[in-house]
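Student: I would like a close look at one part of this model. Please keep it brisk and give the cut-offs.

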Amino acid sequence: MAVNPCDDKSLFSAVEAQIEGYRPLAQLALNLRWSWNRAADGIWRALDAPLWEETRNPWVVLQAASLDKLRLLLADEAFRRQVDDLLLRQSQMATAPSWFGLQHPHSPLKAVAYFSMEYMLSEGLPIYSGGLGNVAGDQLKAAGDLGVPVVAIGLLYQQGYFRQIIAADGSQQAVYPYSDPGQLPITPLRQANGEWMRLEIALPGYSVWLRIWQAHVGCARLYLLDSNDPANYPTFRGVTSELYGGDTDLRLKQELLLGIGGWRLVVALGLDPQVCHLNEGHAAFAVLERARHFMQQHKVPFDVALAATRAGNLFTTHTAVAAGFDRFAPEIVARYLGFYAESRLGISMKQLLALGRRDPNDESEPFNMAYLAMRGSSSVNAVSRLHGEVSRRLFAPLFPRWPLTDVPVAHVTNGVHHPSWQSAAAETFWQELGVNVNESDADETSAAAIRKASDEKIWLLRSNGRGKLVEDARRRLSRNLAASGHCSAEVEAAGQVLDPNVLTLGFARRFASYKRPNLLLSNPQRLMALLDNAQRPVQIVVAGKAHPADTFGQQLVRQWVEFVRQPHVRLRAIFIADYDMVLAQRLVRGVDVWINTPRRPWEASGTSGMKVLANGGLNLSELDGWWAEAYAPEIGWAVGDGREHGDDPAWDMAEAEQLYQTLEQHVIPEFYNRNAQGIPTAWVQRIRESMARLTLQFSATRAVRQYTQQHYLPLAQRYLKRTAEHGRLAAELIQRQHQLEAQWPLVRFGRFDAQTQHNELVFDVHAYMGELPPAELMVELYADGVAGGPPERHEFSLAYALGGAAGGYAYQCRIAASRPIGDYTARIMPRSDGLLVPLEAAPIVWQR
């Protein structure tokens, strides 16, 4: 088992031996709570203010500090007392009553193992790319704040995701600086005897050793697997070197290490979690390893073990297009998993591949990680209401003949960890209102408190945020230009860009075609006119990266760079290179309006617009992802008509026109329409209403509470039931599945009679069940929903057995005559009764 991170004396024992009081400083520096709690900022600033502002990494600051500086500060009684008080407060938070402990004191949920390919926690730990890592990091922080027992598993990337440089010619260049683990706020995970915990993962012809690191994230813990172990062959040391880089072979190996290696780590830690949460399909191999471990423990076959353990598995999909799912050629999967399937799982390679295919008999079909995740889980969710609809379409091929409304994908809309994204001024603003953005419920009490905020306070918050963004943007742009080799005059001129009193738009995204980052550039002359208006000027800050393999995305970056470099534009529009977490924080704290223009419905959720809420920013966005359910005319502006138009260039131009008109006719006039005190009262009222309605609703706190109540707790109960008595219930369910498969070809409808009697519709049907007991099947009357509403369902009552017909039964259903009789049909499907229908049993027969 692991010990306290600061018991790894190899990291600082030499300093600790020389300086009394060093250990508490190290303990503070090695807990990522500092990434959202500002209480310790003064300590790191006192050690090295420039380095702290540049890195925001206390561990780097602490290691860089001279012994003389440390002795001087630690000799100061007030400084020592501050350190001790912070450490005490940190300890008290870990043991204080939590939301989870108070709300669910007798819960069977003891641990959730959370798997993600990336985590955005702090720029001091650069193991993220974008949205997926943002969600994982914010949810992990919120889970720790709420006391939900989540333990996170990921990979340690020495190079992480690429860093962006804009060359003098405007092109994007990708660089991959090495992140020394010793400089990251992580420590080796050591066993009780002091040995560094390492895992051996067998791959064809060789083994890969994984070193395990740990990071403390407030009250939560993150474990990271690292292939850069000296025992590995040099090629294999680089398996975890780079996030989303390399070829499909490297990607598969990373996902094998995350899934299989990650679950073995869970076992080695003795965690025994009831729930395994897969944040996207990358970690889906964990469902296989979890089943294998259950097989080994209870001496049961793979199908029983999977039925037992999937009861505790949750799969969250973030993908809005089928092409976004990770797929691997059958031969590469067979190369790496053939031995594992046959000797460890006791199944054939064909059986394993079938778990990741739509058609198990199509030997050419690639292996789909999302399909594996769905077939290995008992609950599946999308990340916004609209994304739930999209995901049901994406996964519909796995459930032939089932209506889309029955495809088993729910949704939990994402939220953000507001303490990580709000400015210091915003934090004070909320405190003065008596609203805790990290704990308060999204109810009328909180909304009423927010609505009491004065115009003056709200406008001061916005003005301060905009001013700080302008200062930071000037500094960053100067540094960008100097690094790109621009002349000193250009670097110096960067200190004059933007104006702290001008309406400031922000656009920062991954530059991919579906995000349409250049929609606002569709008419450059029209945009220039907005920027150059003498009475009501506008300015815009743009940032974003294109994947190194995405040449079209890089062209989009270059178009913006070339636009902002024009002499008559450069004071009002800038592109800041190397979009990272720190830059994102500065942007969402300072912009007046956040613009987002994805092509509906390809934005699964999006969280960037949520981050401006606590800071008083407003959204102008496509009606996609979270904004499709959040938008109202009083709280922001929308682009689009709420429908899907594919990638039609004509529709892109229509939406570009709508974007320009919204800015010209609504956004800009409202910002500059001021009262006698210089306050835009209508604008401030819009901010007030946006804060009141959206900030708490779109928080990671709400999302984690929702995951806990809708998924974690029910899954824990289901898992305990299915795994009891060596998986007895799971074995019974497998037997039921086999019986259904054998008898289903015999299930059919016979006579169907429908008539109107007075104010009722009466349906009589004959159904033939083969040898299946009627108690195990459901005969249901079904009609599609009206005007987008839910479908209408009514269960038939068994009337009597049909004489002379083996397995034949008569059923009847009577309902109110509220719609035409022809709207209805009948269907036969398995009855749930412990079996998840249609997730685990998808046969269905329709009367017509």
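Which residues are linked in a network of salt bridges?

Tutor: First, the ground rules. This is a predicted model, where local features need pLDDT of at least 70 and side-chain atom pairs count only at pLDDT 80 or more, while totals for chains, interfaces and linings use all residues. Residues are numbered from 1 along each chain as its sequence is written, and side-chain values use heavy atoms, with hydrogens and water left out.

Now the network. Glu123, Arg163, Lys545, Asp578 and Asp580 are linked by salt bridges. A salt bridge here is a side-chain nitrogen of Lys or Arg within 4 Å of a carboxyl oxygen of Asp or Glu. By this rule the count comes to 53. Side chains of opposite charge can pair when their charged atoms come close.

Some single pairs give the detail. Take Glu644 and Arg393. Their closest N and O atoms are 3.0 Å apart. This pair links distant parts of the chain, 251 residues apart. Glu644 sits in the loop between strand E20 (636-639) and helix H27 (649-672), and Arg393 in helix H16 (residues 385-395). Helices (H or I, at least four residues) and strands (E, at least two) are DSSP runs, numbered from the N terminus. Glu644 is partly exposed, at 39% relative accessible area. Arg393 is partly exposed too, at 38%. The classes are buried under 20%, exposed over 50%, and partly exposed in between (1.4 Å probe, protein chains only).

Arg693 and Glu689 form a salt bridge within one helix. Both lie in H28 (residues 681-695), four residues apart, about one turn of the helix. The closest N and O atoms are 3.0 Å apart. Arg693 is partly exposed, with a relative accessible area of 34%. Glu689 is buried, at 10%.

Glu53 and Arg45 make another pair. Here the closest N and O atoms are 3.2 Å apart. Glu53 is partly exposed at 33%. Arg45 is partly exposed at 36%.

Charged residues also appear in a pocket lining. The second largest pocket has 18 nonpolar, three polar and seven charged lining residues. In this count Ala, Val, Leu, Ile, Met, Phe, Trp, Tyr, Cys and Pro are nonpolar, Asp, Glu, Lys and Arg charged, and the others, Gly among them, polar. A pocket is an open set of points on a 1 Å grid over the protein atoms alone, where a 1.4 Å probe fits, with protein on both sides within 12 Å along at least five of seven lines; lining residues have an atom within 4 Å of a point. The largest share of this lining, five residues, comes from helix H29.
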